[in-house]
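Please open the model in a viewer and keep the sequence panel visible. The tour below proceeds by selection, with a short account of what is found at each stop.

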Amino acid sequence: MTMSIARLSVRSGLKYLFKSTMQDDSVPTPSDTISYYMKTGTPQGRWLGNGLRGIAREPGDNVTESDARAIFQDAAHPDSKEPLGRHHGHPPISLEASNQKATKHSVAGFDLTFSVPKSVSTLWALSPRQLQEQILQTHHEAVEATLAWMEDQVINTRSGRNGVAHVGTRGVIAAAFDHWESRAGDPQLHTHLVIANRVQRVTDGAWVTLDSRSLYKAVVAASEHYNGLLFDALHTSLGTETDIRAPAQNTHNPSQQLTGIAEALVREFSNRSRLIDVETDRLVEQWTADNGARPTATTIVRLRQQATLSTRTPKNVEPSPLRTLSAQWRDRAMGQGFDPESVVASTIRRSHSRPFGIGDFTQDWITAVGLITRQRVAAKRSTWNRWNLIAEGERVCAEIRCASPADRNALIDAVASGAERQSVPLNQYRYGVPAGAADDLRFAGRSVFDFHGSRLYTDESTLAFEEEILAAKNADGGPAAPVDLTFETLTTYRNGQGSPLHDDQLTAASEVLLSSCRLDAIVGPAGTGKTTTLGAVKAAWEASYGVGSVVGLAPAAASAEVLGSELRMATENVAKWLHESVGSGAAERAGRFFRTDDRLRTAATSSGPIVIRLQQEVARLAAEQNQWLFRQNELVIVDEASMVSTLQLAALVRQAKEAGAKVLLVGDPAQLDSIDAGGVLGWLDRQGKTARLSTIWRFKDPWERSASLGLREGRPSVLAEYEDHGRIRHGHYSDMVDHAYSAWHSDVLAGRVSVLIAPDNETVQMLNERAQADRVSLGNVDAEHTLPLRDGLRAGRGDTVIARRNDRLEVVILWVGAAGSEDPGCIESPKLVYREDRVIPGSKEHSVKRFSMGPVLLDPRA
């Protein structure tokens with residue numbers, strides 16, 4: 001996402017604003033970018049927004065610290081010092097008695113950070129001064145156009161009882177600050193647009209706060225809209241073209257980039273570990289000079305760990321002038337084999353196509369694109385609003401260049417409206433707007449009581465899938481266990497620790513076993529004993545229908561493996577099951593079956609080795625397909641069912657119904673949801689159609705049982721309990737990473753099972769490198785013979801590699817070296833080879849060896 005949002009509190013948020021966002025600004029700002037090109041730091045901030053008239057400022061005026069403090073810190077007019085509405089933290093009269101800490105947590109504003117796509121930053125970094133200024137101005141125009149669109153469509157204030165009305169405003173007061181680089185020193189042209197949490201109501205001019213909920217709901221749509229506006233402006237001013245590229249490392253979504261900017265150059269300027277790389281190279285050179293030989297791979301891993309620790313805290317250095325930064329970036333590009341002038345020449349003035357105006361789009365085209373937009377949104381979520389459609393509409397129209405912001409605004413509005421018309425509304429607009437309605441009744445073309453984001457939609461296919469699942473829950477005729485056998489099994493059941501079922505577990509298991517519904521569900525928070533309950537259900541079911549009559553499914557291979565080991569039964573992940581039973585795996589198998597059967601039917605003789613081989617192949621393929629079919633009276637347990645999409649659940653229910661089996665959904669809808677359209681388990685639970693586990697057994701301390709339920713329900717007040725019991729530690733990012741890693745490493749050395757969780761891919765990679773370095777030092781990993789992985793790391797014998805795709809091609813390692821040699825010293829280069837029960841072309845028996853790396857499934861994309 002190229003536009004992000006952060007809330008600025010009166011205390012900590014403003015500290016960030018004054019000490020970080022404004023810190024590097026040059027004062028005063030020269031008249032053009034060429035003048036400050038030679039200066040240190042970034043340019044002084046400038047005011048933006050239609051709301052500036054209320055404080056006697058104009059768009060483009062410089063942001064002084066005194067003005068910024070008046071607006072953001074004091075909520076006062078910068079000249080007269082008159083308050084702009086209520087002072088920060090001053091609660092409404094009805095809440096005055098209970099808001100002693102309101103000032104500390106009051107919102108002063110919102111930081112909307114607009115970062116140009118990496119290819120645009122790369123073009124800007126390598127361009128001469130005049131072209132840099134032109135690209136910067138284009139970025140400014142896109143930011144301002146996005147802000148104007150948000151003032152028309154998004155920015156509002158709530159009024160009336162419980163904020164029932166979304167009333168328009170006279171515009172926002174915003175301060176824009178340009179920055180040049182990332183923390184790693186890579187070119188990253190971005191603007192912090194800090195919007196004050198004070199606006200004037202359009203009806204009477206009163207100073208009020210803006211509706212932050214609407215702002216947050218629309219942020220993804222605004223980000224995608226900014227992208228479209230930026231690439232439109234670059235096409236108009238510089239003649240650029242764009243292309244859609246495959247997802248970058250550790251991301252899932254394709255990205256739009258400038259044609260002519262090579263992906264290798266984008267990666268060079270996107271390397272967040274560049275400082276570590278530079279320091280590692282220095283340490284390697286120093287080692288070589290001191291020891292007269294290049295260090296081994298094991299030593300390099302240790303040197304990189306040293307570099308990671310020494311570069312984790314940024315040095316307090318003066319910001320470099322843009323002239324110096326640009327020279328450094330050009331040197332880095334040339335170091336990668338790219339001539340800056342050639343890169344710029346191949347990127348600009350390459351398009352001569354006429355941009356589109358809104359009149360170029362026919363109604364049929366808009367309807368068709370609206371259909372695509374709706375279908376793409378429906379694949380990701382069960383319900384959606386207009387902001388979701390606008391964001392997806394921008395993605396669908398990413399390569400359509402428009403002549404002006406007005407044309408793009410009209411295009412995306414038309415596409416989103418077309419998608420709305422093809423969606424099924426779940427709630428209706430309550431009010432119409434009469435012609436000529438005043439601003440107290442109308443906002444963004446709708447009644448103030450019917451804001452854009454308030455109407456929810458779905459589609460007919462989602463409703464059909466949900467109806468199919470609900471019908472299975474309501475339908476009789478499914479298999480059930482006998483009452484006497486169920487009672488006997490459940491009352492005598494003991495889990496692995498020898499404990500019997502507790503009351504809620506006994507009740508839930510009985511409901512499932514005795515029910516004749518085609519589908520049942522068990523819901524419970526973490527620690528309520530869902531696995532214990534499932535163990536009892538499995539025992540009673542197998543007592544009724546025989547060993548092997550229970551099969552387990554889970555959304556991921558790892559969770560399926562855990563389920564299988566805990567319940568001692570066959571398990572599989574949902575995607576793999578559907579792939580093999582009704583998906584492309586089944587289709588491919590069926591094609592092979594019919595082709596083999598045709599050959600068998602047309603065989604010249606009814607006997608002989610060829611016929612026998614064909615008969616064996618037919619039998620094998622039929623047996624393989626039967627492996628992926630449910631059986632009559634089988635119990636299909638779907639664990640972590642909240643993470644399974646509605647489409648997948650409907651397919652499983654359909655298969656179970658056809659086979660005469662029963663589906664049991666298990667999970668907690670308050671935990672992770674499905675990546676695709678989902679929510680069925682939570683819906684069933686809200687309808688009272690699930691058996692519930694309520695008693696927490698996992699925690700030894702009584703306070704933690706109730707506190708964990710508070711976290712599950714989203715009650716912030718329970719955080720105080722965790723802090724009182726020493727469960728929350730805080731500090732600088734690098735210190736917290738150190739503490740978390742040290743605790744995890746100590747657990748592992750002590751033989752405990754420990755989980756280390758990080759918030760982003762960058763931190764995950766850093767922790768992976770550190771863990772690998774320690775394992776290399778302990779002799780658990782061979783760093784001398786390794787294979788490259790997709791994230792840039794290398795894996796050696798002893799490493800554990802987790803795959804992220806359901807691709808089970810058999811992986812072997814082809815060591816290219818002296819024929820027949822078993823000496824690792826003769827290995828020239830290792831290569832990954834994938835095969836599915838077939839001979840690898842050109843390989844010899846002696847050249848293929850297994851590559852043992854402990855419990856490992858190599859990522860096929862490595």
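How many bridges join β1 to strand β3? Seven bridges do so, and the two strands run antiparallel. Please bear in mind throughout that this is a predicted model.

**Stop 1: the antiparallel sheet**

Select β1 (3-9) together with β3 (residues 107-115). At Ser9, look across to β3, where the bridge partner is Val107. Now extend the selection to the whole sheet: five strands form an open sheet in the order β1-β3-β7-β6-β2, with antiparallel pairing. The strands β1 and β2 (46-48) stand at the edges; each has a single partner strand, so one side of each is left without a neighbour in the sheet. Viewed from strand to strand, the twist averages 30°.

**Stop 2: helices on this sheet**

Add helix α6 (residues 129-153), which lies across β2, β3, β6 (174-181) and β7 (187-196). The helix runs at about 30° to β7. Next add helix α12 (residues 322-335), which also packs on the sheet and touches β6 and β7. The direction of α12 makes about 45° with that of β6.

Within α6, select Thr138. Is Thr138 buried or exposed? Its relative accessibility is 3%, and Thr138 therefore counts as buried, the cut-off being under 20%. Beyond its neighbours within four places in sequence, Thr138 is in contact with Leu230, Ala233, Leu234 and Ser237. Displaying the side chains of these residues shows the surroundings of Thr138.

**Stop 3: helix α14 and its partners**

Move to helix α14 (residues 363-380). How far apart are its end C-alpha atoms? They are 26 Å apart, which agrees with the 26 Å that 18 residues should span at 1.5 Å a residue. Colour the buried residues of α14: Ile366, Val369, Gly370, Thr373, Arg374, Val377 and Ala378. These buried residues pack against α15 (386-396) and α16 (405-421).

Then select Gly393, which is located in helix α15. Gly393 is buried, with a relative accessible area of 1%. Leaving aside neighbours within four places in sequence, Gly393 is in contact with Thr373, Ile412 and Val415; of these, Thr373 is one of the buried residues of α14. A distance label from Gly393 to Ala416, C-alpha to C-alpha, should read 6.3 Å, although the two are 23 residues apart in sequence.

**Stop 4: cysteines**

Select the cysteines. How many disulfides does a search of the whole structure find? The search finds zero. Cys402 illustrates the point: the closest cysteine sulfur, in Cys397, is 7.8 Å from that of Cys402, too far for a bond. Cys402 is also buried, with a relative accessible area of 1%. Cys517 is likewise buried, with a value of 13%.

**Stop 5: the parallel sheet**

Turn to the second sheet of the tour. Six strands form an open sheet in the order β18-β17-β19-β20-β16-β21, and here the pairing is parallel. β18 (571-573) and β21 (691-692) stand at the edges, each with a single partner strand, so one side of each lacks a neighbour in the sheet. Select strand β17 (residues 550-554) with β18: three bridges join these strands, which run parallel. Ala554 stands opposite Asn573 in β18.

**Stop 6: aromatic pairs**

Finally, display the aromatic rings. A search of the whole structure finds 14 aromatic pairs. One of them is formed by Trp577 and Trp628, edge-to-face, at 5.5 Å centre to centre and with 70° between the planes. Trp577 lies in helix α22 (residues 574-581) and Trp628 in the loop between α24 (609-627) and β19 (635-638), so the pair ties together parts that are 51 residues apart in sequence. Both Trp577 and Trp628 are buried.

Select Phe593 and Phe594 next. Their ring centres are 5.4 Å apart and their planes are at 85°, so this pair is edge-to-face. Phe593 is partly exposed, with a relative accessible area of 23%.

To close the tour, select Trp124, Trp180 and Trp329, which form one aromatic cluster.

Methods. Residues are numbered from 1 along each chain as its sequence is written. This is a predicted model: local features need pLDDT of at least 70, side-chain atom pairs count only at pLDDT 80 or more; totals for chains, interfaces and linings use all residues. Side-chain values use heavy atoms; hydrogens and water are left out. Helices (H or I, at least four residues) and strands (E, at least two) are DSSP runs, numbered from the N terminus. The expected span of a helix is 1.5 Å times one less than its number of residues. Buried means under 20% relative accessible area, exposed over 50%, partly exposed in between (1.4 Å probe, protein chains only). Contact means heavy atoms within 4.5 Å. Two strands pair if DSSP finds at least two bridges between them. Axes are lines fitted to C-alpha atoms, for helices over the stretch in contact, and angles run from 0 to 180 degrees between N-to-C directions. Rings of Phe, Tyr and Trp (its six-membered ring) pair if their centres lie within 6.5 Å; planes under 30 degrees apart count as stacked, over 60 as edge-to-face and the rest as tilted. A disulfide is a pair of cysteine sulfur atoms within 2.5 Å.
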